[in-house]
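Me: I keep running into labels such as "buried" and "pocket". Could you walk me through where they come from?

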Amino acid sequence: MTTFPPQPDRSPVGDLDLHLLFEGSHRRLHDVLGAQPTENGCWFSVWAPNARSVRVLCEHDGWHDGHHLARRGDTGVWSAHLEGAGPGHAYHFRIETADGALLDKADPVAAAATEPPSTASRIADLAHDWHDEDWMQTRGERIALDAPVSIYEVHLGSWGRIGPSPGRRFPTYDQLADPLADHALAHGFSHVELLPVTEHPFYGSWGYQATGYFCPTARYGTPRQFMEMVDRLHQRGVGVICDWVPSH
């Protein structure tokens with residue numbers, strides 16, 4: 001499927017998106033809200049219905065605080081296009097509350113984050129050329145009620161930390177892919193189940209205090225590196241299950 005980036009002169013949040021948002025039935029809000037890169041910049045959109053004003057601060061221009069988002073009528077959605085901002089740049093929203101307080105907030109639908117203790121979000125490049133067609137065509141059979149399933153539950157940071165990588169505290173997702181596949185296959189596991197990989201501020205929680213529903217933790221790398229790990233595990237014949245813990 002061919003996809004096209006949002007256009008600088010038109011917000012990615014359309015009328016249908018607003019209708020579905022308020023109906024409570026929008027299933028792809030992360031595709032229109034948050035940071036959506038364009039060819040020469042990025043759209044930033046956030047739902048903040050009680051805010052007096054909203055700005056976006058981005059590291060590409062030294063965290064300049066003059067980039068105001070425009071409110072979409074009485075919808076509570078704020079949007080603005082920022083030229084020069086692009087994948088890899090960190091950003092956050094500066095919310096002015098009804099009583100005039102200024103609060104710097106991470107993007108609730110960010111696809112990537114900066115590594116803690118930083119709390120900024122990051123514009124993500126989500127392009128990936130997948131090579132797991134064989135797995136995708138047969139995964140239904142592999143999880144059928146009469147199929148043999150054996151699941152290896154793993155906390156990536158603990159399992160893969162055999163020694164700090166040069167300049168890093170943890171190994172990256174893609175570095176873990178083949179060793180994890182080797183271990184699972186050698187011990188007869190059909191799937192690996194990842195303890196929470198969504199972003200979380202306190203590492204001691206093992207990810208159970210999620211702050212980013214749509215972004216894998218930056219401790220182990222970028223979203224693209226996460227996709228490379230999943231892709232590689234699928235190519236090796238190992239399924240991937242991600243714990244979903246925000247409802248805990």
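Reply: Here are a few labels, each set against its rule. Keep in mind that this is a predicted model.

Me: Okay, why is Arg219 called buried?

Reply: Buried means under 20% relative accessible area. Arg219 has 3% relative accessibility, so it counts as buried. You'll find Arg219 in the loop between strand E12 (212–216) and helix H5 (223–235).

Me: What makes the pair Arg219 and Glu199 a polar contact?

Reply: The cut-off for a pair of N or O atoms is within 3.5 Å. The side chains of Arg219 and Glu199 are paired at 3.1 Å, so that distance fits the cut-off. The side chain of Arg219 also makes a polar contact with the side chain of Thr217, at 3.0 Å.

Me: And how do you know which residues line the largest pocket?

Reply: A lining residue has an atom within 4 Å of a pocket point. For the largest pocket, 49 residues line the space, and Arg28, His30, Asp31, Leu126 and Met227 lie nearest its centre. H5 gives the largest share of that lining, five residues. The space itself comes to about 1800 Å³.

Me: What makes 33 residues of that lining nonpolar?

Reply: It goes by residue type: Leu and Met, for instance, count as nonpolar, while Asp and Arg count as charged. Sorted like that, the lining has 33 nonpolar, nine polar and seven charged residues.

Me: How does the lining of the second largest pocket divide?

Reply: There you get 14 nonpolar, five polar and four charged residues. That pocket has a volume of about 360 Å³, and E2 supplies the largest share of its lining, three residues.

Key
Residues are numbered from 1 along each chain as its sequence is written. This is a predicted model: local features need pLDDT of at least 70, side-chain atom pairs count only at pLDDT 80 or more; totals for chains, interfaces and linings use all residues. Side-chain values use heavy atoms; hydrogens and water are left out. Helices (H or I, at least four residues) and strands (E, at least two) are DSSP runs, numbered from the N terminus. Buried means under 20% relative accessible area, exposed over 50%, partly exposed in between (1.4 Å probe, protein chains only). A polar contact is a pair of N or O atoms within 3.5 Å; within protein, one must be able to donate a hydrogen and the other to accept it, and residues adjacent in sequence count only if both atoms are side-chain atoms. On a 1 Å grid over the protein atoms alone, a cavity is a set of points where a 1.4 Å probe fits but cannot get out, and a pocket is an open set with protein on both sides within 12 Å along at least five of seven lines; lining residues have an atom within 4 Å of a point. Grid points are joined across faces, edges and corners, and a volume is the space filled by probe spheres set on the points.
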